[in-house]
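The following exercises concern one molecular structure. Please examine its sequence and its three-dimensional form before attempting them.

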Amino acid sequence: MKRSLGLCAIAVALWAGPAAAEPEGVSRFTLAGYLQEVARGNLELVAQRTNVTIAQAQLGIAKIFPNPQLTGGLLQYDITKKDNPTATTVQLAVPLELGGKRSSRISVAESGVSVAQADTEDFLRLLRAAAANAYIASLHARLVLERKRRTLASLESLVAVNTQRLRVGDIGEALLVQSRVETQQFRAQVLTAEGDVRATDLALVGFMGNEAGPHMRHPLELAGDLRAAANANFDVEGLVRHAMQHRPDLRSAKRRVALARSVVDLTHANRVIDVTLGANWQHNFATSGTTNLPSSDWLGGTLSVPLPFSRVYRGDLDAAYAAESQSNTIARAAEIHVEVEVRQSVARYQAASSRVKLYTQDVLSDADKVLEKTLYNYQRGGATLVEVLVAQRTVDDVYLSYYDALTDSAHTLVDVQQTAAFWDFGL
């Protein structure tokens with residue numbers, strides 16, 4: 001079916017809203033509900049979101065004005081005892097930032113917030129795909145387990161048939177023993193498949209972070225059909241355009257260009273010298289004796305200007321310009337990388353989808369027919385036990401390969417959506 005690029009709102013819906021409560025002792029999930037849990041509890045995502053908070057704090061720091069300095073003390077005291085006046089002073093010095101330093105700092109900090117937000121969005125994009133792939137792997141493990149259990153049941157039925165045929169004298173005891181051995185060997189594969197299901201379920205729980213606790217000890221019940229992932233059709237050019245507009249990593253690369261430009265402006269501003277204005281008040285105490293001076297108060301002002309000999313060296317400017325050039329190059333490379341990723345993911349999906357169709361057209365039904373006819377002939381003495389076991393193994397191999405093809409198509413569909421930055425994945 002046709003996948004529309006206008007369904008980005010579905011992506012938002014999948015990541016918001018409360019999940020349904022599970023009954024005690026079992027954890028039930030749909031793909032959408034599972035992704036909600038991941039978005040709510042994943043600790044790495046929580047840590048990534050902290051980067052936005054840190055960047056916003058840096059914005060607050062960038063808005064700070066330089067602090068004025070208040071100085072007070074005893075200016076002079078005559079230790080020669082010659083009746084010179086004692087003087088105290090209070091001085092206020094106010095540094096003045098020139099060249100637009102504060103506004104340039106704010107611009108750099110705002111760009112940093114923008115970059116942090118884009119990086120968080122991209123982390124969410126990658127996390128969503130990783131969690132969806134884990135969900136698909138768990139569905140695949142369940143298909144394999146179900147197939148192996150069905151095969152084990154078939155082998156157990158074969159043992160029952162051989163027991164009856166031995167009782168009536170149609171076969172020797174060796175065939176019954178061989179069928180029992182085959183059944184017991186296959187039972188070990190079922191146990192391994194059960195362990196794989198539990199392992200993939202725990203991998204799912206690992207993505208939940210804070211929400212993992214209640215599900216760590218309970219069995220999971222997953223809803224989903226991998227066959228639904230094998231029927232999508234995509235407009236490659238439309239996907240490329242959508243990715244160019246909405247890929248958060250590409251937005252991050254472009255915002256880093258703006259950040260680098262802001263750093264260049266700040267570097268220029270920092271090369272402008274700052275001055276310090278000062279105002280001071282001096283009080284002279286009255287003296288007696290030979291000098292006999294009355295008390296007096298004096299006001300003064302100062303202007304401090306540094307001598308910018310260090311501005312001869314342009315290393316800071318050269319580094320800022322080089323960083324800007326680098327960020328431009330990285331942004332251009334990111335655009336090419338995004339387009340290549342989208343086209344590659346669609347090509348892989350189309351190949352995986354074709355594999356699924358190959359199995360669903362004839363292979364599965366033919367394998368089932370071979371096993372059915374071989375069992376029918378065996379029960380009537382027209383086939384050997386070896387032929388039955390070979391037919392059973394062939395059916396198992398075909399179905400397991402089919403499940404692998406289904407899983408590959410689902411994984412590649414997730415990859416298409418991840419690279420194109422949209423979400424419309426119904427299982």
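The exercises below treat a helix, aromatic rings, a sheet and a single residue in turn.

The model is predicted: local features need pLDDT of at least 70, side-chain atom pairs count only at pLDDT 80 or more, and totals for chains, interfaces and linings use all residues. Residues are numbered from 1 along each chain as its sequence is written, and side-chain values use heavy atoms, with hydrogens and water left out.

**Exercise 1.** Determine how many residues of helix α2 are buried.

*Solution.* Step 1: helices (H or I, at least four residues) and strands (E, at least two) are DSSP runs, numbered from the N terminus. Step 2: buried means under 20% relative accessible area, exposed over 50%, and partly exposed in between (1.4 Å probe, protein chains only). Step 3: α2 spans residues 31–41, and nine of its 11 residues are buried, so the helix is largely enclosed by the rest of the structure. Among the buried residues are Leu31, Tyr34 and Val38.

**Exercise 2.** Classify the ring pairs that Tyr34 forms with Phe29 and with Tyr135.

*Solution.* Step 1: rings of Phe, Tyr and Trp (its six-membered ring) pair if their centres lie within 6.5 Å; planes under 30 degrees apart count as stacked, over 60 as edge-to-face and the rest as tilted. Step 2: the structure holds seven aromatic pairs. In the pair of Phe29 and Tyr34, the centres are 6.0 Å apart and the planes stand at 75 degrees, so this pair is edge-to-face. Step 3: the centres of Tyr34 and Tyr135 are 5.8 Å apart with planes at 35 degrees, so this pair is tilted. The tilted pair links distant parts of the chain, since Tyr34 belongs to helix α2 and Tyr135 to helix α4 (residues 101–168), 101 residues apart. Step 4: Phe29 is buried at a relative accessible area of 5%, and Tyr34 is buried at 0%.

**Exercise 3.** State which strands stand at the edges of the open sheet.

*Solution.* Step 1: two strands pair if DSSP finds at least two bridges between them. Step 2: four strands form the sheet, in the order β2-β3-β5-β6, with antiparallel pairing. Step 3: β2 (69–76) and β6 (296–304) are at the edges with a single partner strand each, so one side of each has no neighbour in the sheet. Step 4: nine bridges join β5 (residues 275–284) to β6; Gln282 has Trp298 in β6 as its bridge partner.

**Exercise 4.** Is Ala421 buried or exposed?

*Solution.* Step 1: Ala421 is found in the segment after α10 (385–420). Step 2: its relative accessibility is 14%, so Ala421 counts as buried. Step 3: the phi of Ala421 is near 60 degrees, a positive value in a residue other than glycine.
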